[in-house]
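Thanks, everyone, for making time for this. I would like to walk through one model with you, so please have the sequence and the structure in view as I go.

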Amino acid sequence: MPKYESIFIGDPTLTDDELEKLVKSYESLVSDSKGKILNLERWGRRRLAYPIGGREEGIYFLMLIECDASFPRELERRYRINDRILRHLTVRVENEAQLGPSPIMKARPPEREETPVPAPTQPPAPPAPSA
Amino acid sequence: MPRKRPTSGPRGRKKGFKRKFLFRKKKFCKFCDEKIKYIDYKDVRLLQAFTPERSKIFPRRISGTCSRHQRKLMVAIKRARTIALIPFTAD
C-alpha cells in the first residue's frame, strides 16, 4: 500500500480537548479504512505565513499514513467538510527522507520528556504576617 | 581527429572586459553539491533561503541551481505556500 503524508491545520480557537477530538476523528478514519498511521507529529501552534480565514495562527498536525490509493480522496473530502480545519495538504511519500522526523521537529529543542519539569517545590511557607 | 583550438595566442582584445569578470565566483547548484535528492516542503529554513525578500522564487540564473533541482525546489516552495509555512508575497 502506498504511503502518504498529510498535514492539516486546526483552528487555533479550539480548546485542547476539541483538538484532541479532531485528531482522534482522523486517526479513527484512517484505521477504519484499513489504513495505518505510521507517525503523527504535533507541531503545535505556529504562526501562519499569511492569515487564513481571519486566523493568524494555526495548530499543525502531520500524519504519516499507509493506506489504499483511494483513501486520500476521501480524507481530503472530510478535511474540506470540516470547518475546524483551516488548510490541509496530502502528498504521496516519494522519498525515505519523508518518513523520518520532519525538519520542523528536528529544529525543535529536544523534548523535555525524559526530564520532567521538576515539580514546583513548595517554597517554605512565608512567615506568618506578624501581627 | 578534433580540430585543435589555438590555446595560446594574443588575447589582448578585450582585456578590460575580461578583467571585470576575473574574480566572479563560479555558481553551483547547492543541491547537487550537498547531494540532496529530495527537497522537503517542510524545510522552512531551506526554502526561505531560496525565496528572498519579497518571497519570490530565486531565479536559476542567479542562484545557479540546476534545472532538475530548480523544478523540485519550485514544487516544494509551492507546497509550503499552500499550507502557510512560507508566504506567497511579502506584504
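Of the contacts in chain B with a separation of 6 or more, what share is accounted for by residues 24 or more positions apart? The answer is 70%, and I should say at once that this figure, like everything else today, is computed from a predicted model. The chain that gives this figure is built from 5 helices and 0 strands, so that, read from the N terminus on, its elements run α-α-α-α-α. Chain B has 91 residues, of which 19% are buried.

Turning to where the two chains meet, the contact draws 14 residues from chain B and 16 residues from chain A. On the side of chain B that touches chain A, those residues divide into 8 nonpolar, 5 charged and 1 polar.

For chain A itself, let me begin with confidence: the average pLDDT is 83, and 82% of the residues score at least 70. One stretch to read with care is residues 113–117 of chain A, where pLDDT stays under 50 and for which the model has 1 contact beyond four places in sequence.

Finally, consider helix α1 of chain A, which covers residues 16–32. With 17 residues at 1.5 Å a residue, taking the steps between them as one fewer than the residues, this helix should span 24 Å, and because its end C-alpha atoms are 24 Å apart, the expectation and the model agree. Just after α1(A), A:K34 takes a positive phi of about 65°.

Terms used: Residues numbered from 1 in each chain as written. Chains lettered and ligands numbered in written order. Predicted model: local features only at pLDDT ≥ 70, side-chain atom pairs only at ≥ 80, totals over all residues. Helix = DSSP H or I, 4+ residues; strand = E, 2+ residues; numbered from the N terminus. Buried ≥ 20, exposed ≤ 12 C-beta atoms within 10 Å, placed from the backbone. Contact = placed C-beta atoms within 7 Å. pLDDT = per-residue confidence, 0-100. Nonpolar A, V, L, I, M, F, W, Y, C, P; charged D, E, K, R; others polar.
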